[in-house]
Amino acid sequence: MLTGKQKRHLRSLAHHLQPIFQVGKGGTNDHLVRHISEAIETRELMKVSVLNNCMDDPREIGAEVAAAAGAELVQVIGKTIVLYKESKDHKTIELPKR
């Protein structure tokens with residue numbers, strides 16, 4: 001579980017990132033979650049955008065994808081989801097201490 005200070009730090013790092021994956025009208029599926037899991041292992045921090053034709057709530061999608069990928073939900077703002085997962089092999093982000 002991330003603290004407020006750590007989430008604030010991750011949000012500042014994620015500000016300049018472009019969304020890597022998009023969730024469309026089909027919603028989330030195992031295929032999408034598997035790709036997000038693989039990508040977040042190397043990147044640690046990533047954005048996912050929810051397209052306008054998706055009728056699901058972005059907060060629900062963010063929570064679902066984060067739980068399935070084993071990641072932390074940092075932020076959902078508008079239709080953009082920010083996810084973080086500490087990498088085992090490619091650790092680059094140093095979180096502030098609690």
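1. Glutamate 44 counts as buried in this predicted model, because its relative accessibility is 0%, where buried means under 20% relative accessible area. Glutamate 44 is found in the loop between H2 and E2, and its backbone deserves a look as well, since the residue has a positive phi of about 75° although it is not a glycine.

2. Strand E2, which comprises residues 45-50, is mostly covered, with six of its six residues buried. Leu45, Lys47 and Ser49 point one way from the strand, while Met46, Val48 and Val50 point the other way, and a reader should note that Lys47 and Ser49 are buried along with the others.

3. E2 pairs with two strands that may be inspected in turn. With E1 the pairing is parallel and runs over three bridges, and within it glutamine 22 has serine 49 of E2 as its bridge partner. With strand E4, residues 80-84, the pairing is antiparallel and runs over five bridges; here valine 48 stands opposite isoleucine 81 in E4. The path through E1, H2 and E2 forms a β-α-β unit that is right-handed.

4. Which residues touch the most other members of the largest nonpolar core? This core has 18 residues, and those with the most such contacts are Phe21, Ile36, Met46, Val48, Ile61, Ile81 and Leu83. E1, H2, E2, helix H3 (58-69) and E4 are the elements that give two or more residues to this core. A second, separate core has nine residues, including Leu10, Ala14, Leu45 and Val74.

5. Methionine 46 can be followed outwards through its contacts: leaving aside residues up to four places away in sequence, methionine 46 touches Leu17, Ile20, Phe21, Ile36, Ala39, Ile40, Ile81, Val82 and Leu83.

6. In helix H1, which spans residues 4-14, the buried residues are Gln6, Leu10 and Ala14. Viewed down the axis of H1, these buried residues fall within an arc of 70°, and therefore they line one face of the helix. The elements that cover them include E2, strand E3 (72-77) and E4.

7. Isoleucine 61 lies in helix H3 and counts as buried, because its relative accessible area is 3%. Residues up to four places away in sequence aside, isoleucine 61 touches Val23, Thr28, Val50, Cys54, Asp56 and Ile81. The contact with Thr28 brings together residues 33 places apart along the chain, whose C-alpha atoms are separated by 7.2 Å.

8. Threonine 28 is placed in the loop between strand E1 (21-23) and helix H2 (30-43). Which side chain does the side chain of threonine 28 join in a polar contact of 2.5 Å? The partner is glutamate 64. With residues up to four places away in sequence left out, threonine 28 touches Val23, Ile61, Glu64 and Val65.

9. Is aspartate 57, in the loop between E2 and H3, buried or partly exposed? Aspartate 57 counts as partly exposed, because its relative accessibility is 36%, and the partly exposed class lies between under 20% for buried and over 50% for exposed. The C-alpha atom of aspartate 57 is separated by 8.7 Å from that of lysine 79, a residue 22 positions apart from aspartate 57 along the chain.

How values were computed
Residues are numbered from 1 along each chain as its sequence is written. This is a predicted model: local features need pLDDT of at least 70, side-chain atom pairs count only at pLDDT 80 or more; totals for chains, interfaces and linings use all residues. Side-chain values use heavy atoms; hydrogens and water are left out. Helices (H or I, at least four residues) and strands (E, at least two) are DSSP runs, numbered from the N terminus. A polar contact is a pair of N or O atoms within 3.5 Å; within protein, one must be able to donate a hydrogen and the other to accept it, and residues adjacent in sequence count only if both atoms are side-chain atoms. Contact means heavy atoms within 4.5 Å. Buried means under 20% relative accessible area, exposed over 50%, partly exposed in between (1.4 Å probe, protein chains only). Two strands pair if DSSP finds at least two bridges between them. A crossover is right-handed if, with the strands pointing away from the viewer, the path from the first strand over the helix to the second runs clockwise. The arc is that of the directions from the helix axis to the C-beta atoms. A nonpolar core is a set of buried Ala, Val, Leu, Ile, Met, Phe, Trp, Tyr and Cys residues joined through side-chain atoms within 4.5 Å.
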